[in-house]
Amino acid sequence: LNHLLTIEGLPAAHIRQILDRAQQYVTMAEQDSKKVPLLSGRSVFNLFFENSTRTRTTFEIAAKRLSADVISLNINASSTAKGETLLDTIHNLEAMGADMFVVRHAESGAPFLIARHVKPGVHVVNAGDGRHAHPTQALLDMFTIRHYKGDFTQLRVAIVGDILHSRVARSQIHALTTLGVPEVRVIGPKTLLPTGVEKLGVRVFHDLREGLRDVDVVIMLRLQNERMNGALLPSAQEFFKHYGLTQEKLALAKPDAIVMHPGPMNRGVEIDSPVADGAHSVILPQVTFGIAVRMAVMGILAGKQ
Ligand code: CP
């Protein structure tokens, strides 16, 4: 694996290798042994052209735990603001000795463009591109599901909300189907589901109560207002009434169902606070597991055992 740009087409064996490696880092962290010298002397550049709290920070922590030199470029204070092209920025950072780029960009495909133009031996990780893909989010979600549920091949998983604009949902669907989850459901209004989503191997539900029945995992998604380009938005109150996850609706899922959310959450829009903070929620463990999963991805890309 040279770059991690998408989950689509990534073999199950590669996904399992990343999850297994991440498990080693989780176990080490539990034993208070967090830092390894794997990327000592390597430079990792975090390039976030779009806002982030979790992804940017956990990549930075992960790279530091691998002993890399980490540079998180402040895009707003960079020469991008003076009109420098994306590829000129990349080539200048390569001239400073970059070994790996972690890239988030509002344009779908931007990390792919970078990967086509970097020098051999330089690695690119997609940290979220437009509405296209967010592979490390899907991997940390798979890690979380495996942690709580064990076997993927007996599960019913529901992804709820704005699937249309969600790079997370697209990557999750590819990961879940690749790992053999027999029933992946997407639940949302017609206007927030991609045309032909069934072709990805999912069951479509428009009624939240119907879709939640007997599921093992519920993944809630935020309305991606920033990607709707002035389309007619559902009001927050209207969306919550039909698609907001409340304790009463969650009771339709299996009694031991887990509730996930990639964040950021909009409380009172897609999820009610008692659910977000309740006994079924694994939303904060997702964030913690993200560090180990991103360590695993960077270590494997760098060819380190
Ligand atoms: N899940 C996720 O990508 O969160 P951030 O936007 O905070 O990185």
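A crossing of two helices is called right-handed if the near helix is turned clockwise from the far one by less than a right angle. With that term in hand, two helix pairs can be followed through this predicted model. In general, two packed helices are described by the angle between their axes and the distance between the axes.

The first pair to look at joins helix H1, spanning residues 12-30, to helix H5, spanning residues 135-149; their axes lie 10 Å apart and make an angle of about 65°. Because angles of 65 to 115 degrees count as roughly perpendicular, H1 is roughly perpendicular to H5. The crossing in which H1 passes H5 is right-handed. On the H1 side, the contact is formed by Ile15, Ile18, Leu19 and Ala22, which meet Leu139, Met142, Phe143 and Arg146 of H5. Sorted by class, seven residues of this contact are nonpolar, one is charged and none is polar.

H5 also packs against helix H6, which covers residues 167-178; here the angle is about 50° and the axes are 8 Å apart. H5 and H6 are therefore oblique to each other. Their crossing, too, is right-handed. H5 brings Pro135, Gln137, Ala138, Leu139, Asp141 and Met142 to this contact, while H6 brings Val168, Ser171, Gln172 and Ala175. The contact of H5 with H6 comprises six nonpolar, three polar and one charged residues.

A helpful place to look in the structure is H5 itself: Leu139 and Met142 take part in the contact with H1, and Leu139 and Met142 also appear in the contact with H6.

Definitions and conventions. Residues are numbered from 1 along each chain as its sequence is written. This is a predicted model: local features need pLDDT of at least 70, side-chain atom pairs count only at pLDDT 80 or more; totals for chains, interfaces and linings use all residues. Axes are lines fitted to C-alpha atoms, for helices over the stretch in contact, and angles run from 0 to 180 degrees between N-to-C directions. Helices (H or I, at least four residues) and strands (E, at least two) are DSSP runs, numbered from the N terminus. Angles under 35 degrees count as roughly parallel, over 145 as roughly antiparallel, 65 to 115 as roughly perpendicular and the rest as oblique. Two residues are in contact if their C-beta atoms, placed from the backbone, lie within 7 Å. Ala, Val, Leu, Ile, Met, Phe, Trp, Tyr, Cys and Pro count as nonpolar, Asp, Glu, Lys and Arg as charged, and the others, Gly among them, as polar.
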